[in-house]
Amino acid sequence: MGMLFLICLEGSIYSCKHCYTHLGLADDIISKSFHCRHGKAYLFNKVVNITVGEKEERMMMTGMHTVVDIFCVGCGSIVGWKYEAAQEKAQKYKEGKFILERMSLFYSHFVREKDVINNLYIIILN
């Protein structure tokens, strides 16, 4: 296996609760009104540091959708799914969007400041 390169986000972020790999920015949340088998879920416009599983047809509360499960690249935990296609016209807005399950997430404010004297980055979690 090769080297793992992770995208480091700054600002109000959601990370994997198991390994703290950054997954998405709070600014990229479209809706917090979604639900999954394990409780609340958030609809994101974009996420990072994920891999995808196989496409499958899944019956959701809003109808049939083609989805792929998404996994954290840091630890392999399932963190949600991506909508590939929606059958219902009213659900087409979800296509290409991501669901992150709230129970899989850790929320923090992440700031990276540069220490110019030592040429190092200091990471501050609030």
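The largest nonpolar core in this predicted model has 13 residues. Tyr14, Leu23, Tyr42, Phe44, Val79, Leu100 and Leu105 are the members that touch the most others in that core. As for where its residues come from, strands β1 (11-16), β4 (39-44), β7 (63-72) and β9 each contribute at least two.

There is also a second core, separate from that one, with nine residues. Ala41, Val67, Trp81 and Ile99 are among them.

Let me stay with Val79 for a moment. Which residues does Val79 contact, once neighbours within four places in sequence are left aside? The list is Leu23, Ile50, Ile70, Phe71, Cys72, Ile99, Leu100, Glu101 and Ser104. Two of these names, Leu23 and Leu100, you have already heard as members of the largest core.

Now the protein as a whole. How many helices and how many strands does the protein have? It has zero helices and eleven strands. Reading along the sequence, then, you meet β-β-β-β-β-β-β-β-β-β-β. The protein has 126 residues, and 40% of them count as buried. Take the contacts between residues at least 6 apart in sequence: 42% of those join residues at least 24 apart. The exposed area of the protein is about 7800 Å², with carbon and sulfur atoms supplying 54% of it.

Next, Glu84. On the strand list, Glu84 belongs to β8, which covers residues 78-86. Is Glu84 buried, exposed or partly exposed? Glu84 counts as partly exposed, because its relative accessibility is 28%, and that class lies between under 20% for buried and over 50% for exposed. Not counting residues up to four places away in sequence, Glu84 touches Lys55, Thr66, Val67, Val68 and Glu95. Val67 came up earlier, in the second core. Please also look at Gly96: along the chain Gly96 is twelve residues from Glu84, yet the C-alpha atoms of the two are separated by 5.6 Å.

Last, Lys94. You will find Lys94 in the loop between β8 and β9, where β9 is 98-101. Lys94 is a charged residue that is buried but has no salt bridge. Where is the nearest side chain of opposite charge to Lys94? That side chain is Glu88, 10 Å away. For comparison, a salt bridge here needs a side-chain nitrogen within 4 Å of a carboxyl oxygen. What Lys94 does contact, leaving aside neighbours within four places in sequence, is Phe34, Thr62, His65 and Tyr83.

Terms used. Residues are numbered from 1 along each chain as its sequence is written. This is a predicted model: local features need pLDDT of at least 70, side-chain atom pairs count only at pLDDT 80 or more; totals for chains, interfaces and linings use all residues. Side-chain values use heavy atoms; hydrogens and water are left out. Helices (H or I, at least four residues) and strands (E, at least two) are DSSP runs, numbered from the N terminus. Buried means under 20% relative accessible area, exposed over 50%, partly exposed in between (1.4 Å probe, protein chains only). Contact means heavy atoms within 4.5 Å. Lys and Arg count as positive and Asp and Glu as negative; His and the chain ends are not counted. A nonpolar core is a set of buried Ala, Val, Leu, Ile, Met, Phe, Trp, Tyr and Cys residues joined through side-chain atoms within 4.5 Å. Accessible areas come from the Shrake-Rupley method with a 1.4 Å probe; for residues, only the protein chains shown count as cover.
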